[in-house]
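Please open the model in your viewer and follow the selections below in order, pausing at each one before moving on.

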Amino acid sequence: MSKLSKAMIVCGSRTPFLDSGGAYSQLMSYELAAYAIRGVLARSDIDPEQLGMVMAGTVVHEVETSNVAREAMLAAGIPSTVPACTTSMAGLSATASVTSLCDMISLGRIDSGIAVGTETFSDIPLRYSRTLRRGAMQLRQDSSASSVMRLLGQLRPRDILPVMPSGGDFTTGMSMGECTEVMVKHWGVTRDASDAFTVRSHKLTLAALAAGHLQQDIDAVEVDDTLVSDDNSPRANCTLESLARLKPVFDKTSGIITAGTASRFTDGAAALLLTSEAYAAENDLTPLACVRDYAFAGVSDIGSEMLLGPAASIPRLLAKNKLSVEDIGVWELHEAFAAQILANQACLESSEFAQQYHAGWVAGRIPLERLNAWGGSLALGNPFAATGTRLLMTAARRMHAENARYAVVSSCAGGGLGAAVLLERV
Ligand SMILES: CC(=O)SCCNC(=O)CCNC(=O)[C@H](O)C(C)(C)COP(=O)(O)OP(=O)(O)OC[C@H]1O[C@@H](n2cnc3c(N)ncnc32)[C@H](O)[C@@H]1OP(=O)(O)O
């Protein structure tokens, strides 16, 4: 096989991230994705007809737009001759879009593509009871008045009420917050440390906004003649004192996670333009970073290790590339919960964990001053899949601002999954 091409991140664009139930309530996730795709097209001036593929990741799938990549790219004005594909890997859905595109580029299958993560929690798909669904399917064969009457006669009041999605993990039946409470007990994370990490996240996010770092990749969204230009979740009033007043929400008796130390349900989209090194050179594009490698992992006990994906995937990625934690200048980790980050840090320096996952190699803690230096999901919110592409964008920008050669981006995800992506500054 001929030499592999390098896959480059050329630029990114994202919508402002908004708390769910706000200004984006009337938008579908493909529309949010279309804003981010139009953003990267405008920033790169690339001819959309030349794109080899548009990929999208989303966690909560809207039934009417099951291939959300296709609807988003068409809405963004990309010609229908460009193919589109949607990936699903829980919170790593957009990460999987990025790594798939990188592989296509590296193997020479395509020269360029767009990966977008998109999510809305303002309009989640609701289902009806199985009895009502089965009855409705039967009516497709026989919709006579008597059949309709027979079905209506069989229904009880609870059958016609919408079924809210549980938000829980299918295998364990537990919510992500409940799983994290189990993890933090095992790894000895304290409420004080969790609150302090959250204050840090809000402070750093606000500082990065004040310095204009985060706005570099934000493109405004117009809703009802109003221009939405800013994230609305970071809080100046997030202090140790205000957090101390909040009660635990997922384990009310002995838990440590509160509304303040959990990432919030958020709407938004973030897209990246990826090209081969040669394509970038031929088209006068100046890439930000090269995607050097990646590693996915699954935890061995989903119930007790649900969000330890970073600790399972980071040492695998580092070892594969003969790098140490110290070699990495920029770390971007998804902050699902403050306590989850702290549990992962404890795992990274644990010989017990290393024995189980990494043949005894202890990678070591990530230095705090290199971790999420422009804030993170605790303050910005977490539009699930969009967080994956947002983190890569931030890491690429930070490498330039901090003159770092390497960045590692890592996320946990439902189902006990984890990913780590290695970037090199260009
Ligand atoms: C791979 C993954 O990402 S897994 C993670 C997946 N994501 C999740 O599971 C979502 C987790 N988050 C949640 O479920 C929700 O955000 C919850 C349940 C934790 C909180 O939701 P809500 O109760 O709606 O939070 P709400 O915004 O009302 O805040 C509750 C209170 O905390 C306060 N508060 C929230 N955040 C902060 C903060 N950072 N600092 C200070 N106070 C805060 C609010 O002001 C509010 O106070 P009030 O009652 O006096 O008005």
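**Around the ligand**

In this predicted model, begin by selecting α8 (240–244) and β11 (406–413), each of which supplies at least two residues of the shell around the ligand. Next, widen the selection to the whole shell, which comprises 21 residues, the closest being R235, S263, R264, H334 and N382. If you colour this shell by class, you will find 13 nonpolar, six polar and two charged residues.

Now display side chains and look at the individual polar contacts. An N or O atom in the side chain of N382 lies 3.0 Å from an oxygen atom of the ligand, while for the side chain of R235 the distance from an N or O atom to a ligand oxygen is 3.1 Å. At H202 the partner is a nitrogen atom of the ligand, 3.5 Å from an N or O atom of the side chain. With these contacts in view, turn on the surface of the ligand: on its own it has 1,100 Å² of accessible area, of which the protein covers 66%.

**An enclosed helix**

Where does α12 sit with respect to the rest of the structure? Select residues 338–348 and note that eleven of the eleven residues are buried, so this helix is largely enclosed by the rest of the structure. Among the buried residues of α12 are Q340, N344 and Q345, together with I341, L342 and L348.

**The annotated region**

Finally, select residues 8–277, which UniProt lists, in an unreviewed entry, as "domain: Thiolase N-terminal". Over this range the chain is 36% helix and 16% strand, and the C-alpha atoms at its two ends are 6 Å apart.

Terms used
Residues are numbered from 1 along each chain as its sequence is written. This is a predicted model: local features need pLDDT of at least 70, side-chain atom pairs count only at pLDDT 80 or more; totals for chains, interfaces and linings use all residues. Side-chain values use heavy atoms; hydrogens and water are left out. UniProt positions are given in the numbering used here, feature names are shortened, and annotations may be inferred rather than shown by experiment. Helices (H or I, at least four residues) and strands (E, at least two) are DSSP runs, numbered from the N terminus. Buried means under 20% relative accessible area, exposed over 50%, partly exposed in between (1.4 Å probe, protein chains only). A residue is near a molecule or strand if one of its heavy atoms lies within 4 Å of it. A polar contact is a pair of N or O atoms within 3.5 Å; within protein, one must be able to donate a hydrogen and the other to accept it, and residues adjacent in sequence count only if both atoms are side-chain atoms. Accessible areas come from the Shrake-Rupley method with a 1.4 Å probe; for residues, only the protein chains shown count as cover. Ala, Val, Leu, Ile, Met, Phe, Trp, Tyr, Cys and Pro count as nonpolar, Asp, Glu, Lys and Arg as charged, and the others, Gly among them, as polar.
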